[in-house]
Amino acid sequence: ITSFCLWGGGSMEQRPKLREIGGQGVWTVSSCKPGFGVMQLRDDSTDTYWQSDGPQPRLITIEFLKKTAVQRISIYADYRQDESYTPSKVCIKAGNSFFDLNTCEGICIPGICFGQSPER
């Protein structure tokens, strides 16, 4: 995954006022190769990316210090750049702690959509 952004900060009535809120969270990944971790995932460059070196499932965990409304998630994956690690399915979970997560959305990603520009 080359880029991962979270958008929120406004009420449902204020959708046009969304802002990137990923910097408010603490990010961890289940594993990474040296030089391909959270910093590369969050650096806003499509030339760098997160690459896991562990078993599946591969996880990105974002923990906020207070209850935070996330209204949009943008993920940029480039199959041509990182074909062996590009996800085919993304599962989004949310909860009050790591132990009470509920699946919000499960998304299958068809291969032809890889390489599209991030929504920004």
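What share of the 120 residues in the chain do buried residues make up? The answer is 28%. The model described here is a predicted one.

**Overall layout**

The secondary structure of the chain comes to 1 helix and 7 strands. Read from the N terminus, the order of the elements is β-β-β-α-β-β-β-β.

Strand β3 has two faces that differ in cover: G25, W27 and V29 are on the covered face, while V26 and T28 are on the uncovered one. This strand pairs with β4 in the antiparallel sense, over 5 bridges. Within β3 and β4, V29 stands opposite I60.

**The loop between α1 and β4**

Two backbone features can be placed in this loop. A cis peptide bond, with omega of about 0 degrees, joins Q56 and P57, and P57 lies in the loop between α1 and β4. D44 is in the loop between α1 and β4 as well. Although D44 is not a glycine, its phi is positive, at about 70 degrees. D44 has 54% relative accessibility and therefore counts as exposed.

**Aromatic pairs**

How many aromatic pairs does the count come to? It comes to 2 aromatic pairs. One of them is formed by F36 and Y49, whose ring centres are 5.3 Å apart; their planes are at 45 degrees, so this pair is tilted. Its partners come from distant parts of the chain, 13 residues apart: F36 is in the loop between β3 (25-29) and α1 (38-42), and Y49 is in the loop between α1 and β4 (60-64). F36 is partly exposed, because its relative accessibility is 27%. Y49, in contrast, has a relative accessible area of 13% and is buried, the cut-off for buried being under 20%.

F98 and F99 form an aromatic pair too, and this one is edge-to-face. The distance from centre to centre is 5.8 Å, and the angle between the planes is 90 degrees. F98 is exposed, with a relative accessible area of 52%. F99 also counts as exposed, at 80% relative accessibility.

**Cysteines**

Why is there no bond between the sulfur of C91 and that of C104? The sulfur of C104 is the closest cysteine sulfur to that of C91, but the distance is 8.5 Å, which is too far for a bond. A disulfide needs the two sulfur atoms to be within 2.5 Å. C104 is likewise in no disulfide, with the sulfur of C91 as its nearest cysteine sulfur. The structure as a whole holds 0 disulfides. C91 is partly exposed, at a relative accessible area of 42%, and C104 counts as partly exposed at 49% relative accessibility.

**A nonpolar surface patch**

V70, I73 and I75 make a nonpolar patch of about 180 Å² on the surface. V70 is placed in strand β5, which covers residues 70-76. With a relative accessible area of 35%, V70 is partly exposed.

**Accessibility of selected residues**

The table collects values for some of the residues discussed above.

| Residue | Relative accessible area | Class |
|---|---|---|
| F36 | 27% | partly exposed |
| Y49 | 13% | buried |
| V70 | 35% | partly exposed |
| C91 | 42% | partly exposed |
| F98 | 52% | exposed |
| F99 | 80% | exposed |
| C104 | 49% | partly exposed |

Definitions and conventions. Residues are numbered from 1 along each chain as its sequence is written. This is a predicted model: local features need pLDDT of at least 70, side-chain atom pairs count only at pLDDT 80 or more; totals for chains, interfaces and linings use all residues. Side-chain values use heavy atoms; hydrogens and water are left out. Rings of Phe, Tyr and Trp (its six-membered ring) pair if their centres lie within 6.5 Å; planes under 30 degrees apart count as stacked, over 60 as edge-to-face and the rest as tilted. Helices (H or I, at least four residues) and strands (E, at least two) are DSSP runs, numbered from the N terminus. Buried means under 20% relative accessible area, exposed over 50%, partly exposed in between (1.4 Å probe, protein chains only). Two strands pair if DSSP finds at least two bridges between them. Patches are made of residues with over 30% relative accessible area and no salt bridge: like charges are joined within 9 Å, nonpolar side chains (Val, Leu, Ile, Met, Phe, Trp, Tyr) within 5 Å. Accessible areas come from the Shrake-Rupley method with a 1.4 Å probe; for residues, only the protein chains shown count as cover. A salt bridge is a side-chain nitrogen of Lys or Arg within 4 Å of a carboxyl oxygen of Asp or Glu.
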